[in-house]
Amino acid sequence: MKTSVFSLLTLPVVAECSSVTSTEDALSSHGYSETYVAGYDAGCASGKHAGGDMFGKRSQDGAAYAANADYKTGWDYGFITCKQKEVRDLEIATAIGIGLAAGSSNRHGAYGIDARAALAGLDTSSIQAAGW
């Protein structure tokens with residue numbers, strides 16, 4: 001039985017969407033203050049933007065960052081964590097995208113991954129039908 005690439009690509013999204021607990025809920029349930037959680041949330045959005053997310057935007061309550069240690073710590077940790085994740089996700093997408101680009105003479109993306117070889121033998125008809 002051939003594995004659908006579309007299924008492989010959507011599995012992480014479905015797994016994340018089916019998560020019962022949001023990041024904010026998880027932080028709160030571990031005893032972090034509402035101020036820390038607000039800082040983390042704003043820092044995460046800012047980190048995603050800094051990491052290359054073109055839809056994200058920098059967010060920070062400057063007064064809270066300057067005056068409240070919980071907000072500052074949450075913001076800093078959210079920024080670092082989410083920026084690193086965004087950069088890593090973009091590197092993976094680039095590695096796959098470069099290898100799949102139509103007419104690309106460069107079969108190797110980031111880290112020398114040959115995306116065509118990695119996807120060889122997989123049923124890609126569902127994503128091709130979707131226009132990807």
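**Disulfide, pocket and aromatic pairs around helix H3**

The link of Cys-44 and Cys-82 is left-handed, with a value of -90° about the S-S bond. Cys-44 lies in helix H3 (residues 34–50) and Cys-82 in helix H5 (residues 69–100), so the pair ties together parts of the chain that are 38 residues apart in sequence. The model in which this link occurs is a predicted one, and the S to S distance between Cys-44 and Cys-82 is 1.9 Å, which falls within the 2.5 Å allowed for a disulfide. The count for the model comes to 1 disulfide, and both of its partners, Cys-44 and Cys-82, are buried.

Helix H3 was then examined along its length. At 1.5 Å a residue, the 17 residues of H3 should span 24 Å, and this agrees with the separation of its end C-alpha atoms, which are 24 Å apart. The buried residues of H3 comprise Tyr-36, Val-37, Gly-39, Tyr-40, Ala-42, Gly-43, Cys-44, Ser-46 and Gly-47. Just after the helix, Gly-52 adopts a positive phi of about 120°.

Both cysteines of the disulfide also appear in the lining of the second largest pocket, together with Thr-23, Glu-24, Tyr-40, Asp-41, Ala-45 and Lys-48. The volume of this pocket is about 180 Å³. Helix H2 (23–29) and H3 each supply at least two residues of the lining, and H3 gives the most, with 5 residues. Classified by residue type, the lining of the second largest pocket is made up of 4 nonpolar, 1 polar and 3 charged residues.

A search of the whole structure for aromatic contacts returned 4 aromatic pairs. In one of these, the rings of Tyr-32 and Tyr-36 have their centres 4.4 Å apart and their planes at 25°, so the pair is stacked. The partners differ in exposure, since Tyr-32 is partly exposed, with a relative accessible area of 40%, whereas Tyr-36, at 8% relative accessibility, counts as buried. Tyr-40 and Tyr-77 form a tilted aromatic pair, with 6.1 Å from centre to centre and 40° between the planes. This pair links distant parts of the chain, as Tyr-40 belongs to helix H3 and Tyr-77 to helix H5, 37 residues apart. Tyr-40 counts as buried at 11% relative accessibility, while Tyr-77 counts as partly exposed at 47%. In addition, Tyr-65, Trp-75 and Phe-79 form one aromatic cluster.

Technical notes
Residues numbered from 1 in each chain as written. Predicted model: local features only at pLDDT ≥ 70, side-chain atom pairs only at ≥ 80, totals over all residues. Heavy atoms only, no water. Helix = DSSP H or I, 4+ residues; strand = E, 2+ residues; numbered from the N terminus. Buried < 20%, exposed > 50% of the residue type's maximum accessible area, 1.4 Å probe, protein only. Expected span 1.5 Å × (residues − 1). 1 Å grid on protein atoms, 1.4 Å probe; cavity = no way out; pocket = protein on both sides within 12 Å on 5 of 7 lines; lining within 4 Å. Points joined across faces, edges and corners; volume = space filled by probe spheres on them. Nonpolar A, V, L, I, M, F, W, Y, C, P; charged D, E, K, R; others polar. Phe/Tyr/Trp six-rings, centres within 6.5 Å; stacked < 30°, edge-to-face > 60°.
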